[in-house]
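Work through the exercises below with the model open. Each task is followed by a solution in steps.

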Amino acid sequence: ITSRYDFQLHELNLNQHLYREPLAPLYGADLRKKYNRLPSFNTASKVTQDLQECAKRIADGNPRLLEWLDKILQAENLNQTTILAKMEQVENQFREDILAAELLKQQPPDLRKMLGLTLVYKLPVPQAAIVAICENISNLESYIRRAVALGLIEFTQISPSSTENTRVELYRISRILAPLLEFPNEPEPLYAKAAQVLYSLWWQGAEASVEAQLVEIHRLALQGKEGAIAAEVATALSNKWYNQRRIREVIEICQATANIISDFRIFHNLARSERKLGYNEKALKYYQQALDLCTSEDEDTKTIIRAGIEACQGNIEQAMQLYQKSSNFDEGVKVRTWEEAARGFQYATNMARFTQLRAIKSKFQKECNLPEDLRTQDTFLLHKKNLEFFKLINDVRSQAETLREMASIQAEQGNIDNAITLYKQSIVIYENTSNIQRKAETLTMIGKLLANEKRDITTALKYL
């Protein structure tokens with residue numbers, strides 16, 4: 001039985017047959033699916049982005065409220081002011097009908113205070129995260145149970161992994177309740193405490209962290225001016241996003257972080273991203289800031305930063321020499337162990353402007369025979385060796401990215417047919433992995449080659 005409210009079925013002896021599934025808001029992939037099914041929120045919608053974002057903020061992941069707002073946004077002959085007013089009326093009606101504002105007024109002051117403080121979190125959090133920010137409230141556990149029973153706290157249970165039977169209880173206050181609750185006038189200490197708590201629970205004490213959790217920690221760290229936490233989490237997220245080609249997201253999170261702390265890792269990722277977009281002057285500025293902030297102990301990192309500076313200035317040979325220096329690759333030594341293989345491939349990926357190879361020793365415990373000197377190979381052959389290796393470890397995403405890099409090199413060398421063939425091979429992988437964005441980008445590249453190099457406008461238009 002799905003219900004916002006808690007209930008007992010002892011009298012009917014049904015507890016052994018029925019389970020209450022708490023009513024939690026949608027977020028992540030589930031919320032995106034809901035948007036796609038509503039005419040006002042899907043990609044084909046003619047509703048302005050400002051109105052969509054306003055409606056999403058009001059709904060706060062509640063599917064029923066989203067459906068109400070969707071109908072308003074579809075109404076004809078309404079101006080923006082009228083639509084916003086109607087959305088506000090719906091929000092008030094929903095708050096009164098579903099969340100019972102009068103019920104909230106009847107609760108003890110400490111319970112209402114607990115609810116107000118918990119508004120600091122946007123994601124569902126463990127009970128420990130609520131306890132940590134409500135240290136001065138007594139009888140806290142009983143208040144949490146009461147709020148859950150009355151539907152004032154959204155409660156859900158999740159399994160940390162598909163292999164575990166244990167379920168973790170998570171709690172969240174709906175944003176719809178915010179106008180009825182008191183939030184601190186000077187919230188920075190609360191944000192700081194919340195960031196520290198989630199950093200401990202979801203980063204330091206977790207085997208793995210979900211991207212949404214890291215984004216939440218970073219948001220709280222920014223609001224609470226917790227620079228060290230913000231820098232560490234932003235570095236992890238921006239490294240991941242850079243490898244996924246989400247460059248503008250990297251720039252956004254790094255710039256926000258740089259407003260509260262100066263960290264060489266943040267400026268380095270800013271520099272790499274600006275250079276990726278072709279803004280060499282911006283990249284040079286950030287590279288220099290990263291170099292100035294980098295400590296003397298980080299000589300290898302400083303060398304890589306210097307290589308980026310040389311590359312921005314067009315000094316490719318000097319950049320390659322610095323990359324070679326940073327790779328810890330001993331010339332003339334035959335590579336046999338997996339550790340040495342990883343270093344050799346890391347050197348290859350540096351030269352080929354590709355992502356670092358993931359740790360592989362734990363996956364394969366056998367020797368690997370590689371050419372004695374990878375430096376003698378040109379960039380295309382280095383990519384080709386990477387491709388063979390990614391197939392060996394079944395790294396599908398890296399296979400697709402490597403094929404794209406190989407195609408780009410072939411196009412630069414004038415081998416247009418070979419380039420198009422390689423691009424098509426990567427498209428097959430993107431289709432199988434549902435990576436629509438990368439598929440679209442690759443189709444565009446094929447279209448440009450056909451138009452600009454082959455002068456086949458008709459076929460190019462089909463791809464575009």
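**Exercise 1. A phenylalanine and its surroundings**

Task: decide whether Phe267 is buried or exposed, and find what it touches.

Solution. Phe267 has a relative accessible area of 7% in this predicted model. The cut-off for buried is under 20%, so Phe267 counts as buried. The residue lies in helix H13, which covers residues 264-276. Leaving aside residues up to four places away in sequence, Phe267 touches Ala258, Ser262, Tyr286, Gln289, Ala290 and Leu293. For one of these, Gln289, the separation from Phe267 is 22 residues in sequence and 6.5 Å in space, C-alpha to C-alpha.

**Exercise 2. A loop asparagine**

Task: place Asn42 and classify its burial.

Solution. Asn42 is in the loop that runs between helix H1 (29-37) and helix H2 (49-59). Its relative accessible area is 19%. Buried means under 20%, so Asn42 is classed as buried. Residues up to four places away in sequence are not counted among its contacts; Asn42 touches Tyr35, Asn36 and Gln52.

**Exercise 3. The length and packing of H21**

Task: check the span of helix H21 against its residue count, then find its packing partners.

Solution. Helix H21 has 17 residues, 436-452. The expected span is 1.5 Å times one less than the number of residues, which gives 24 Å for H21. The end C-alpha atoms of H21 are 24 Å apart, so the two values agree. Next, list the buried residues of H21: Arg438, Thr442, Ile446, Gly447, Leu449, Leu450 and Ala451. In an α-helix there are 3.6 residues a turn, so residues three or four places apart point the same way. The buried residues of H21 pack against helices H19 (396-412), H20 (416-432) and H22 (457-463).

**Exercise 4. A nonpolar patch**

Task: which residues make the nonpolar surface patch of about 320 Å²?

Solution. The patch is made by Ile457, Leu461 and Leu464. Leu461 is found in helix H22. Its relative accessibility is 57%; the cut-off for exposed is over 50%, so Leu461 counts as exposed.

**Exercise 5. The chain and its confidence**

Task: summarise the chain and find where pLDDT stays under 50.

Solution. The chain has 22 helices and four strands. Of its 464 residues, 45% are buried. The chain exposes about 25200 Å², and carbon and sulfur atoms supply 47% of that area. Mean pLDDT is 79, with 81% of residues at 70 or more. The stretch with pLDDT under 50 is residues 328-377, for which the model has 91 contacts beyond four places in sequence.

Conventions. Residues are numbered from 1 along each chain as its sequence is written. This is a predicted model: local features need pLDDT of at least 70, side-chain atom pairs count only at pLDDT 80 or more; totals for chains, interfaces and linings use all residues. Side-chain values use heavy atoms; hydrogens and water are left out. pLDDT is the predictor's confidence in each residue, from 0 to 100. Contact means heavy atoms within 4.5 Å. Helices (H or I, at least four residues) and strands (E, at least two) are DSSP runs, numbered from the N terminus. Buried means under 20% relative accessible area, exposed over 50%, partly exposed in between (1.4 Å probe, protein chains only). Patches are made of residues with over 30% relative accessible area and no salt bridge: like charges are joined within 9 Å, nonpolar side chains (Val, Leu, Ile, Met, Phe, Trp, Tyr) within 5 Å. Accessible areas come from the Shrake-Rupley method with a 1.4 Å probe; for residues, only the protein chains shown count as cover. A salt bridge is a side-chain nitrogen of Lys or Arg within 4 Å of a carboxyl oxygen of Asp or Glu.
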